[in-house]
Amino acid sequence: MTLTQLQKLKQQGQKITCLTAYDASFAYLLEQAGVDIVLVGDSLGMVIQGHNSTLAVTLDDIIYHCQLVHRGCQKPLLIADLPFMTYATPEMALNSAARLMREGQAQMVKLEGGDWLIDTIRTLTERGIPVCGHLGLMPQFVHKIGGYQVQGRDQKSAEIIQNSALNLQEAGISLLILECVPNQLAAKITALLDIPVIGIGAGVDCDGQVLVLYDILGITPHKPPSFSKNFLPATGSIPLALETFVKEVKTGKFPDSEHSFQ
Ligand code: KIV
């Protein structure tokens, strides 16, 4: 999967599927299920390492898990998260992203934040590093925002998210993840942007959906977020659960109103 193919999927109105993975065996199963994008997310801090936030994850952690995932799959686009404080300046971002691509074999890096990242995104993309933005609920900001809650509910914060999405696109991102925002706002941003918008708790009108793998299999130690869905009980096996996720996203069955915010 390439960025050009993802762009084509958006233009054709075909939904894009993305799941997180942290090791070779699950990466292989994701590829078998036909998942378009595999994300080595810093959610590994919570679902693999058992922390209660993503803040403890290091660049070396992501590189290690990215190497494992890369060995397990070839077809999906491989995105790696830049962990907390590894992209505080454009120069730090450049060094961190170069390591994710060179040592981890990532094909794209993801970073959380709004307009303050514009110089960083330009610095990365001008040097050949594809960038995925992440707006709405940004888990690396959990202590600043005071918890994991829906973002963009009022007009002012919705406008900030929408304007940031346009500004990040202008700066050079090729993909945007929009987390935990009301359906209507996500639909508006998806229609406004030329690049694909992948939602998580952002309603069915995004160009695609991403979820944390362990949440959709119900194997996390914590309570999964309300927008996530455990696909395992109804399917009875991990490969079938993954295939069902792909099918439900591609057909627009997931997310339904129970798994999104009005
Ligand atoms: O870290 C992660 O897994 C993520 C996804 C939930 C989007 O950022």
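The expected span of a helix is 1.5 Å times one less than its number of residues. The model shown in these close-up views is predicted.

**View A. Helix 4 and the elements that cover its buried residues.** Helix 4 comprises the 14 residues 59–72, which at 1.5 Å a residue should span 20 Å; the C-alpha atoms at its ends lie 20 Å apart, so the two values agree. Its buried residues are Leu-59, Ile-62, Ile-63, His-65, Cys-66, Leu-68, Val-69 and Gly-72. These pack against three helices, namely helix 2 (24–33), helix 3 (44–47) and helix 5 (90–102), and against strand 2 (37–40) and strand 3 (77–81).

**View B. The packing of helix 2 on helix 4.** The axes of the two helices are 7 Å apart and form an angle of about 45°. Helix 2 is therefore oblique to helix 4. The crossing of helix 2 with helix 4 is right-handed. From helix 2, Ala-24, Ala-27, Tyr-28 and Glu-31 meet Leu-68, Val-69 and Gly-72 of helix 4. By class, the residues of this contact are five nonpolar, one polar and one charged. The helix 4 residues Leu-68, Val-69 and Gly-72 are also among those buried in that helix.

**View C. The packing of helix 5 on helix 6.** Helix 6 covers residues 118–126, and its axis lies 9 Å from that of helix 5, at an angle of about 40°. The two helices are therefore oblique to each other. Helix 5 passes helix 6 in a crossing that is right-handed. Helix 5 contributes Pro-90, Ala-93, Leu-94 and Ala-97 to the contact, and helix 6 contributes Asp-119, Thr-120, Thr-123 and Leu-124. Five of the contact residues are nonpolar, two are polar and one is charged.

**View D. The surroundings of Glu-112 in strand 4.** Strand 4 runs over residues 108–112 and includes Glu-112. Buried means under 20% relative accessible area; Glu-112 has 1% and is therefore buried. Leaving aside residues up to four places away in sequence, Glu-112 touches Asp-42, Tyr-87, Leu-117, His-134, Met-138, Pro-139, Gln-140 and Phe-141. Leu-137 is 25 residues from Glu-112 along the chain, and their C-alpha atoms are separated by 9.1 Å.

**View E. Helix 12 and its buried residues.** Helix 12 has 13 residues, 238–250, and reaches 18 Å from its first C-alpha to its last, close to the expected 18 Å. Ala-241, Leu-242, Thr-244, Phe-245, Val-246, Glu-248 and Val-249 are buried in this helix. The cover over these residues includes strand 1 (16–20), strand 8 (208–211), helix 2, helix 10 (213–216) and helix 11 (232–235).

Key:
Residues are numbered from 1 along each chain as its sequence is written. This is a predicted model: local features need pLDDT of at least 70, side-chain atom pairs count only at pLDDT 80 or more; totals for chains, interfaces and linings use all residues. Side-chain values use heavy atoms; hydrogens and water are left out. Buried means under 20% relative accessible area, exposed over 50%, partly exposed in between (1.4 Å probe, protein chains only). Contact means heavy atoms within 4.5 Å. Axes are lines fitted to C-alpha atoms, for helices over the stretch in contact, and angles run from 0 to 180 degrees between N-to-C directions. Angles under 35 degrees count as roughly parallel, over 145 as roughly antiparallel, 65 to 115 as roughly perpendicular and the rest as oblique. A crossing is left-handed if the near helix is turned anticlockwise from the far one by less than a right angle, and right-handed if clockwise. Ala, Val, Leu, Ile, Met, Phe, Trp, Tyr, Cys and Pro count as nonpolar, Asp, Glu, Lys and Arg as charged, and the others, Gly among them, as polar.
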